Amino acid sequence: MFNTTAWNRLRYSLYAPLYDIVAERAFRRARRLSLDQVTWQPGIRVLLVGAGTGLDLPWLPRDVELHATDLAPAMVRRIARRAEALGMDVQAAEMDAEALAFPDAHFDVVVMHLILAVMPDPARGLAEARRVLRDDGQLCVMDKFQADDHPAGVARRALNALTSAIATDITRQARPLLEGAGFTIEQDTPVMLGALFRALLARPDTATLTVSPGAPPGG
């Protein structure tokens, strides 16, 4: 299995110089529609998980506290450069989405764009998002997902062995992942290629609390 943290760090470091050429225009509308679902308030604390080169930044309000993380150092450097070019104050850091170095209930909004289909263990990544998100916070997700009402077939799973190694997993289902991590989905909007790419807005289900193993203690 090639989808490991070490492999993802390496390949996205290699992809970084070409990432904007591939992803900027293709996902521009999807990013905007996804972020438009969030209820923004001045001064809230926002975390972009797996922020890539910072392509979400132009669609974010300027009056919030922004933090951005990515696994690949080359991506983090590009986030910092994009933030400077846009005149935005963004705290960018190299970090594994499955082991976030933030205290519990630290953020009002967590954004996860095009990362759940990439990370080795999306359930753990969502558990971390749940941990660092306030109980009244918002989770903003945009990614490609298999339909929720039936699992991937044999052909799709076979193709996934290749796609997950070089690009992305094509078998993951949004609703089971989010609900399994303790979120209630409030909005679920197709944003690209029919219903393949979806933007979801979710909030923590306060009746449950999912914390990833080995997570740092709250503070």
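This report describes the sheet, the helices packed on it and a surface patch in a predicted model.

## The sheet

The model contains an open sheet of 7 strands with mixed pairing. Read across the sheet, the strand order is β3-β2-β1-β4-β5-β7-β6. The edges are formed by β3 (90–94) and β6 (183–192), each of which pairs on one side only. Between neighbouring strands the turn averages 15 degrees, with direction ignored.

Within this order, β4 and β5 are adjacent. Strand β4 covers residues 107–113 and strand β5 covers residues 133–144; the two run parallel and are joined by 6 bridges. Across this pairing, Met-112 stands opposite Val-141 in β5.

## Helices on the sheet

Helix α4 (residues 122–132) packs on the sheet, where its contacts are with β1 (45–49), β4, β5, β6 and β7 (197–204). The direction of helix α4 makes about 150 degrees with that of β5.

Helix α3, residues 73–86, lies across β2 (65–70) and β3. Relative to β3, helix α3 runs at about 170 degrees. The strand β3 that helix α3 lies across is also one of the edge strands of the sheet.

## A nonpolar surface patch

Leu-18, Ile-21 and Val-22 together make up a nonpolar patch on the surface. The accessible area of these three residues together is about 350 Å².

Ile-21 belongs to helix α1, which spans residues 5–23. Ile-21 counts as exposed because its relative accessible area is 69%, and exposed residues are those over 50%.

Terms used. Residues are numbered from 1 along each chain as its sequence is written. This is a predicted model: local features need pLDDT of at least 70, side-chain atom pairs count only at pLDDT 80 or more; totals for chains, interfaces and linings use all residues. Side-chain values use heavy atoms; hydrogens and water are left out. Two strands pair if DSSP finds at least two bridges between them. Helices (H or I, at least four residues) and strands (E, at least two) are DSSP runs, numbered from the N terminus. Axes are lines fitted to C-alpha atoms, for helices over the stretch in contact, and angles run from 0 to 180 degrees between N-to-C directions. Contact means heavy atoms within 4.5 Å. Patches are made of residues with over 30% relative accessible area and no salt bridge: like charges are joined within 9 Å, nonpolar side chains (Val, Leu, Ile, Met, Phe, Trp, Tyr) within 5 Å. Accessible areas come from the Shrake-Rupley method with a 1.4 Å probe; for residues, only the protein chains shown count as cover. A salt bridge is a side-chain nitrogen of Lys or Arg within 4 Å of a carboxyl oxygen of Asp or Glu. Buried means under 20% relative accessible area, exposed over 50%, partly exposed in between (1.4 Å probe, protein chains only).
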